[in-house]
Amino acid sequence: MTLDVDAPDPPELQETDPEEYDDVEVTGNANYRRQDLEQFLKDGAWADAFDEWRGNTDMDEAEFEIARDLGLFREFDFFWDDFADRVGYHAPGIPEDWRERDYHPDLDSWGTVSAINAGLTELGQVVSEVLKQDFVDWEAEYDSPDDLPDFD
């Protein structure tokens with residue numbers, strides 16, 4: 001199913017330490033290259049990834065509009081994970097206490113919350129892959145320790 005919506009603006013990346021996220025683990029170099037990644041997002045990575053995601057997502061237009069109303073697309077974070085030689089990401093989501101917080105007037109079920117959270121995670125993965133495949137032109141700087149066994 002293709003989602004018939006316009007892409008939101010790409011997120012502006014903040015200098016958050018990825019270790020602060022519950023769902024992210026980064027080892028090694030703390031040079032997250034956010035300025036480079038943010039420029040890549042503005043230069044077309046976000047639009048390319050969004051187009052790819054839009055063509056495959058299970059998120060419907062009503063769920064998309066809730067996510068847009070909540071500003072969730074602005075809350076994505078992308079960062080270079082040098083140790084893993086990848087673009088890491090943190091996808092925003094609707095918290096578990098959404099009912100108690102009266103989070104959004106159109107949120108009415110866990111199914112909707114789950115669909116939004118899953119869709120945002122999928123978008124983060126697609127953006128991460130597009131950035132790495134089509135935009136990132138640097139290599140990991142990780143040097144393995146000298147005392148690793150030689151398996152030749």
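These are my notebook entries on one glutamate, one strand pair and one leucine in a predicted model.

**Entry 1: E63**

I began with E63 and placed it in helix α2, which spans residues 61–69. I then asked whether E63 is buried or exposed. E63 is buried, yet I found no salt bridge for it. The nearest side chain of opposite charge belongs to R99, 13 Å away. I next looked up the contacts of E63, setting aside neighbours within four places in sequence. The residues in contact with E63 are D58, T112, A115 and I116.

**Entry 2: Strands β1 and β2**

I turned to strand β1, residues 77–81, and recorded 5 of its 5 residues as buried. D77, F79 and D81 point one way from β1, whereas F78 and W80 point the other way. I noted that β1 pairs with strand β2, residues 86–90, in the antiparallel sense over 5 bridges. Within this pair, D81 of β1 stands opposite R86 in β2. The two strands form a hairpin with 4 residues between them. In the turn, I noted a positive phi of about 55 degrees at D85.

**Entry 3: L131**

I located L131 in helix α3, residues 110–135. Why does L131 count as buried? I entered L131 as buried because its relative accessible area is 0%, and the cut-off for buried is under 20%. Leaving out neighbours within four places in sequence, I listed L37, F40, L41, A45, F78, V87 and V136 as contacts of L131. One of these, F78, points from β1 to the side that W80 also takes. Finally, I compared L131 with G88: they are 43 residues apart in sequence, and their C-alpha atoms are 10.0 Å apart in space.

Definitions and conventions
Residues numbered from 1 in each chain as written. Predicted model: local features only at pLDDT ≥ 70, side-chain atom pairs only at ≥ 80, totals over all residues. Heavy atoms only, no water. Buried < 20%, exposed > 50% of the residue type's maximum accessible area, 1.4 Å probe, protein only. Lys, Arg positive; Asp, Glu negative; His and termini not counted. Salt bridge = Lys/Arg side-chain N within 4 Å of Asp/Glu carboxyl O. Contact = heavy atoms within 4.5 Å. Pairing = 2+ DSSP bridges.
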